[in-house]
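Here is a walk through one protein structure, taken part by part. Please keep the sequence and the 3D view at hand while reading.

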Amino acid sequence: MNTRDPRYDEDPGHEPPGADVQAGEYVLGVLDAVQRRQVQARIEVDPAFARLVAGWEQRLGSWLDAVEPVAAPAHAWPRIRTRLGWSPVEGGKRGVWQSVGFWRAMTAVAAAAAIAAVFLGRVPQAPTPVAPPAPLPPPVVVEQPAEPARPVITLAREDGTPGWLASVDVDNGTVRMVPVPAPADAQGRVPELWLIPRGEAPRSLGLLTMDKTQLVVVPKALLRALAKGSTLAVSLEPPGGAPQGVPTGPIIAKGGIEAI
């Protein structure tokens, strides 16, 4: 028997559903009363189609066994049967579709969603396992060798306030000079740093700035003088420095090297 679905008579551009789809629609209960009667008639005369219906009932019935039944009011069943075109009173041979357990299970949201997914051809698939991102390696800590403590010398002014702080590095032959900000000399003179060994004449280490930290490199010939008992002093000299290599201006700050 070839029963054409009336839904497609109005639109000749669409083909009726195949036998397997129609069998699934019948078991799912999405057909109206007229369509159901047509399919039921086809079941009676078409054994192959009847087997398709039985297969759908078996597949969906196994899902329903795993769903806890939900009780429905007794008065709802006659109304449901009437809407489906059946007698309000149960009777006669029943398949899975006509069973009370089937209808109760259909009310469960999980079962309805799963059945709809099968009907639409979108069988839920287990999500593809995604490997967790590899843990980031621990940060590499590069230990810097600890710098030895350097002695700090205060070069004090006449009133005792600090004028410069000096850090002596004998190993590298340097003196780091940190000025305490002060106004520039009114006569335009500039500060010059002197290293004065004990009992010897001052030796120039170069000009200084009044507003920036400065690293002074000590000539190799004077490294021996970077020793305990020597003095660091600052004098005011002409812009080019002391012309004869000896201090000509006033000493504005000085401090003794006490420890190396």
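Valine 178 has a relative accessibility of 32%, so it counts as partly exposed, because that class covers values between the buried limit of under 20% and the exposed limit of over 50%. Valine 178 belongs to strand 3, which spans residues 174-179. Together with Val152 and Leu165, Val178 makes a nonpolar patch of about 220 Å² on the surface. The model in view is a predicted one.

The overall layout helps to place this strand. The protein chain holds six helices and eight strands. Read from the N terminus, the order of elements is α-α-α-α-α-α-β-β-β-β-β-β-β-β. Of the 260 residues in the protein chain, 30% are buried.

Helix 1 covers residues 19-28, and seven of its 10 residues are buried, so the rest of the structure largely encloses this helix. What are the buried residues of helix 1? They are Gln22, Ala23, Gly24, Glu25, Tyr26, Val27 and Leu28. After helix 1 comes glycine 29, which has a positive phi, near 85 degrees.

Further along the chain, strand 4 and strand 5 run antiparallel and are joined by four bridges. One of the residues to look for here is glutamate 192, whose bridge partner in strand 5 is leucine 207. The two strands, 4 and 5, form a hairpin, and six residues lie between them. In the turn of this hairpin, glycine 199 has a positive phi of about 75 degrees.

The loop between strand 4 and strand 5 also leads to the charged side chains. How many salt bridges does a search of the whole structure find? The search finds four. In one of them, glutamate 200 pairs with arginine 203, and their closest N and O atoms are 3.6 Å apart. Glutamate 200 counts as partly exposed because its relative accessibility is 33%. Arginine 203 is likewise at 33% relative accessibility, so it counts as partly exposed. Glutamate 200 also meets the side chain of arginine 224 in a salt bridge, at 3.0 Å from N to O. Arginine 224 lies in the loop between strand 6 (214-217) and strand 7 (231-237), whereas glutamate 200 lies in the loop between strand 4 (190-196) and strand 5 (203-207), so this pair ties together parts that are 24 residues apart in sequence. Glu200, Arg203 and Arg224 are thus linked in a network of salt bridges.

Another salt bridge joins arginine 189 to aspartate 185, with 3.0 Å between the closest N and O atoms. Arginine 189 has 25% relative accessibility and therefore counts as partly exposed. Aspartate 185 has 22% relative accessibility, so it too counts as partly exposed.

The remaining contacts involve aromatic rings. Arginine 42 lies over the face of phenylalanine 49, at 4.2 Å from the ring centre. Arginine 59 lies over the face of tryptophan 56, at 4.5 Å from the ring centre. How many aromatic pairs are there, when ring centres must lie within 6.5 Å to count? The count comes to zero.

How values were computed: Residues numbered from 1 in each chain as written. Predicted model: local features only at pLDDT ≥ 70, side-chain atom pairs only at ≥ 80, totals over all residues. Heavy atoms only, no water. Phe/Tyr/Trp six-rings, centres within 6.5 Å; stacked < 30°, edge-to-face > 60°. Lys NZ or Arg CZ within 6 Å of the ring centre and 35° of its normal. Buried < 20%, exposed > 50% of the residue type's maximum accessible area, 1.4 Å probe, protein only. Pairing = 2+ DSSP bridges. Patch = residues over 30% accessible without salt bridge, like charges linked within 9 Å, V, L, I, M, F, W, Y side chains within 5 Å. Areas by Shrake-Rupley, 256 points an atom, 1.4 Å probe, with all protein chains shown as cover.
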